Amino acid sequence: MTNREAAGVVSFSMTPVEKARQHIEAHWQQEQTLELLARESGLSPFHLQRVFKEQTGESPRTYLERLRLETAAHLLHLRPDLAVQEIAFDCGFSSAAVFARAFQRHYGCSATAHRARPLEAVAHLASRAVYPAGGLPSAPWSATEAALLAAVRVQHLDPITVAYVPTTLVPVGQLVAQFGRLRNQLEAYDSLESENPPAYGVLYDFPLHTAPHQCRYRAALRVPPGARLPTRIPRFTIEGGKYAVFALRGGTTDLVRAALVFHQGWLLESSYVVKAFCCFERFAGVPNAADYEAREREFWVPLRAR
């Protein structure tokens, strides 16, 4: 046993399926072939196809198409300024016709009809996503919702270098465990920026359009830009710029409701649109299973002028 293993430091070496998924997620707007993914994973195409389906419930092709379609569905509501065809090409589809067929097959309606649907209907499609109890929040706002809206602020963010491990939004136990494992790894390499660095949970999907257990999430900790990181612990930079920031407490349903209140009560009335998705939540320190839902954190949404 190595000294790091004795100290409770766990390896983050990726399985072949995780390598293939990482490649898909990094290049989801580009064409992906089974042969290319097989090379990335170190398996034969036949073996990768089999184990990928066994471990994820989807083939690599189905996984890629779902990422593209759920991103498109999100943009249809989040970015009303974008034409359907523009969204199709931005999401990696080779033509408007290919996108239209895939969207109809996945959602049972056209993209234009989907955009016209109320968000409540969108959330209940095939029971894939979370929708808050009580229906779509709207004015007059409750005292809690009014307080959230009153506290929204626009803030400039300098770029932030973080180390991260990929996980999903739920189960929460798995999510907070990844934060703890990452902290142990970075402490062993003296790579933490401070004794109790801020933690960042970066969301690449949103649980209104994607099932929470499929929402991609990066559990991340801030590190100095030149820090030495353990093998296979990647780093990336959270983009700087202008963000809307609001306070959040609770679980997945609370996140969805707060985001809907922000969207309808602040964003649509503002001079901004969402610049890009991903958003992130920021914790004052590393969260744990006992206080993840109870502690207040900030939710940051990247903005650009309309």
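The following exchange concerns salt bridges, backbone geometry and nonpolar cores in a predicted model.

Visitor: On what basis are residues numbered and features reported here?

Guide: Residues are numbered from 1 along each chain as its sequence is written, and side-chain values use heavy atoms, with hydrogens and water left out. Because the model is predicted, local features need pLDDT of at least 70, totals for chains, interfaces and linings use all residues, and side-chain atom pairs count only at pLDDT 80 or more.

Visitor: How many salt bridges does the count come to?

Guide: A salt bridge is defined as a side-chain nitrogen of Lys or Arg within 4 Å of a carboxyl oxygen of Asp or Glu. Glu 58, Arg 66 and Glu 70 are linked in a network of such bridges. By this rule, the count is 17.

Visitor: In which helix do Glu 25 and Arg 21 both lie?

Guide: The side chains of Glu 25 and Arg 21 form a salt bridge at 3.9 Å, N to O. Helices are DSSP runs (H or I, at least four residues), strands likewise (E, at least two), and both are numbered from the N terminus. The two residues are four apart, about one turn of the helix, and that helix is α2 (residues 16-26).

Visitor: Is Arg 105, the partner of Glu 65 in a salt bridge, buried or exposed?

Guide: The side chains of Glu 65 and Arg 105 meet at 3.2 Å, N to O. This pair links distant parts of the chain, Glu 65 in helix α5 and Arg 105 in helix α7 (residues 96-107), 40 residues apart. Buried means under 20% relative accessible area, exposed over 50%, and partly exposed in between (1.4 Å probe, protein chains only). Glu 65 is partly exposed at 25%, whereas Arg 105, at 57%, is exposed.

Visitor: Why does Glu 145 count as buried?

Guide: The side chain of Glu 145 forms a salt bridge with that of Arg 257 (3.1 Å, N to O). Arg 257 lies in helix α12 (residues 252-265) and Glu 145 in helix α10 (residues 143-151), so the bridge ties together parts 112 residues apart in sequence. Arg 257 is partly exposed, at 25%. Glu 145 counts as buried because its relative accessible area is 10%.

Visitor: Which peptide bond is cis, with omega near 5°?

Guide: Most peptide bonds are trans. Pro 171 is placed in the loop between β2 (160-168) and α11 (172-188). The cis bond runs from Val 170 to Pro 171.

Visitor: What is the phi of Asp 190?

Guide: Most residues other than glycine have a negative phi. Asp 190 is in the loop between α11 and β3 (199-203), and it is exposed, with a relative accessible area of 72%. Its phi is positive, near 50°.

Visitor: Which element gives the most to the largest nonpolar core?

Guide: A nonpolar core is a set of buried Ala, Val, Leu, Ile, Met, Phe, Trp, Tyr and Cys residues joined through side-chain atoms within 4.5 Å. Of the 47 residues in the largest core, Leu 169, Phe 179, Tyr 217 and Trp 266 touch the most other members. With seven residues, the element giving the most is α12.

Visitor: Which residues does Thr 71 touch, not counting those up to four places away in sequence?

Guide: Thr 71 is found in helix α5 (residues 60-78), and it is buried, with a relative accessible area of 18%. Contact means heavy atoms within 4.5 Å. Beyond the excluded neighbours, Thr 71 touches Trp 28 and Cys 91.
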